[in-house]
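Please open the model in your viewer and keep the selection panel at hand. The tour below moves from one selection to the next and says what is to be found at each stop.

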Amino acid sequence: MKVNKNSKNQQLEQFREEGKDQYMTTDQGVRVNHTDDSLKAGSRGPLLMEDFHFREKMTHFDHESIPERVVHARGSGAHGYFQPYNDTLKEFTKAKFLTDPNTQTPVFVRFSTVVGSRGSADTVRDVRGFATKFYTEEGNYDLVGNNMPPFFIQDANKFADLVHAIKPDPDNEMPQASAAHDTFWDFASLMPETMHMIMWVLSDRAIPRSFRMMDGFGVHTFRLINEEGKARFVKFHWRSKLGAHSLVWDEAQKLAGKDPDWLRRDLWEAIDMGDHPEFELNVQIVEEEDEFKFDFDLLDATKIIPEELVPLRPVGKMVLNRNPDNFFAETEQVAFHPGNLVPGIDVTNDPLLQGRLFSYVDTQLNRFNSANFAEVPINRPLASTHNHQGAGFMRHTINKGKANYWPNSIGGGCPMMAPEKMGGYVHHMEKVDGHKIRARSESFNDHYSQATLFWNSMTEPEKKHIVKAAHFELGKVMSKEIRQRMLGHFNIISPDLAQRVSEGIGVEVPKDFKPTSTGHYEDNEASKQMKK
Ligand code: HEM
């Protein structure tokens, strides 16, 4: 099956409806002659239940909302394509869409904020989601990333706590548009592993000028697998061709009031005017034998691989060239999953990534109330699908034949061969062996070095912005204890940072600060036992 940049548009064509110059009909295709009044018993009388047009219109409206995403609820989508520059990645991966310069793979991208609800403002201080669905010849591949390369936490078991702390308060649902509240800073100050990400969130990266002017990061270490089955570690990076640009905080706040659709409008209008956003995909590749040569763990999502240690390799270009036709059908119903993989790409044991592999389908079953959401037009792969999953709410595909099980000898099945013969997905055969324990590796223990690296890499104006952001955020924290704990962390990151933040929030840098954490490894019984 050959895909080109228009393949997804052609596939979507059959689902598009052109209402212009058409008679209005009911969902059953019956022409409607009057839609302004319901059917009544007399012009001032009660409505009649037999009014099928009213009942259908009202019922459909009553059911038009679905649960918003539990995080990343507010987003904006765009169609486009991805094309590799050359075949140099062939040495590292068998994924054709990354290695064949003649293949233009259709993509759908959804940019998002994380914390706010669907109707919240675009320009708040927050991480931005950068999720890409590649409709490849070998099935859908999703790169579900953010605009910042580290993450807040190391283990998926802390995700619910993180999100509860960062979302509006459970009693009064305030504040809606900022991390500036006690619960988030309480959590952060008790979780030293958040410190590297905190530095990014206080930086200008958290208030991008435009979705077109943001970089994207896969965050986790993934794997590339080549034709011979050799695996290497990989980090994915999107680089905006326009460069990464930010608002300043004052602009961001004013825009949140004057034009809460700022980022959404900017993306839509640029594409509409033919000013198509472009992003370059880059990879950092690490040989398996070099897994332990760094002073951080490749499986720790709170760390980056500094580019001085492993340079970026350009792979290809993504162009976003078409706005969606329908927000709900496309941007709202698109369902990404970091476990949607194609041959040539695999996951690692990063404990945050491993938890994500469970979470996305689970939440999408809640969002769509059906196991058939992969059949929704925006989620349908271009590669054809054949299996025995034929039932469930809102099944679209009409499977033929009697046999919906395997093996069968009476037809209606899908032949399976040895995977290598049919190009099937083969999971990387990593040897895994270990005791069942609730613990983290000691190699995850350093929470400050990269936060310091980040602070030291900033120019003076960027440092000023970080300090001002901390003044704003921590200045709104009622608890003095929490403010002081944060200063304690900042002091470990950089005494200069701590001093400058302290001057704006009315508390002294604590003298004998000791970070505490729920995940303190040296105190963890399981870790102690493992060491024995
Ligand atoms: C969306 C869970 C970490 C990027 C979501 C959603 C959930 C979720 C439940 C809503 C999905 C939907 O309704 O379709 C988690 C969990 C995490 C985690 C459990 C950690 C254990 C991350 C990280 C990144 C990320 C590290 C970035 C690398 C995104 C993006 C979306 C998203 C971009 C929005 C996708 C869209 O536009 O539809 N996440 N997430 N998440 N997540 Fe995560």
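Helices, of type H or I with at least four residues, and strands, of type E with at least two, are DSSP runs numbered from the N terminus. The model is a predicted one, and the first stop is Thr397, which is found in the loop between α10 and α11 (419–422). Thr397 is exposed because 12 other C-beta atoms lie within 10 Å, and a residue counts as exposed if that number is 12 or fewer. Add Glu375 to the selection: 22 residues separate Glu375 and Thr397 in sequence, while their C-alpha atoms are 7.8 Å apart in space.

Select the ligand next, together with the 28 residues that surround it, the closest being His72, Arg110, Gly129, Ala156 and Val219. If you colour by element, β2 (105–113), β3 (128–136), β4 (139–146) and α10 (351–368) will each be seen to supply at least two residues of this shell, and α10 gives the most, with eight residues. Coloured by class instead, the shell around the ligand divides into 14 nonpolar, 10 polar and four charged residues.

From there, turn to the largest nonpolar core, which has 50 residues and in which Phe82, Val107, Val109 and Ile345 have the most contacts. Centre the view on Val107: leaving aside neighbours within four places in sequence, Val107 is in contact with Gly80, Tyr81, Phe82, Thr132, Lys133, Phe134 and Met318. Apart from this core lies another, of 47 residues, with Met148, Met199, Leu352 and Phe454 among them.

Now select α4 (159–166) and α5 (182–190). Two packed helices are described by the angle between their axes and the distance between the axes. For α4 and α5 the angle is about 145 degrees and the axes are 7 Å apart. Show the side chains where they meet, with Asp161, Leu162, Ala165 and Ile166 on α4 and Thr183, Phe184, Asp186 and Phe187 on α5; by class, this contact has five nonpolar, one polar and two charged residues.

The last stop is helix α14, residues 480–493, whose 14 residues reach 20 Å from the first C-alpha to the last, close to the 20 Å expected at 1.5 Å a residue. Which residues of α14 are buried? They are Ile482, Arg483, Arg485, Met486, Leu487, Gly488, His489, Phe490 and Ile493. To see what covers the buried residues of α14, display the surrounding elements, including α5, α6 (195–202), α12 (449–456), α13 (460–475) and α15 (495–505).

Technical notes: Residues numbered from 1 in each chain as written. Predicted model: local features only at pLDDT ≥ 70, side-chain atom pairs only at ≥ 80, totals over all residues. Core = buried A, V, L, I, M, F, W, Y, C linked by C-beta atoms within 7 Å. Buried ≥ 20, exposed ≤ 12 C-beta atoms within 10 Å, placed from the backbone. Contact = placed C-beta atoms within 7 Å. Near = placed C-beta within 6 Å. Nonpolar A, V, L, I, M, F, W, Y, C, P; charged D, E, K, R; others polar. Expected span 1.5 Å × (residues − 1). Axes fitted to C-alpha atoms, helices over the stretch in contact; angles between N-to-C directions.
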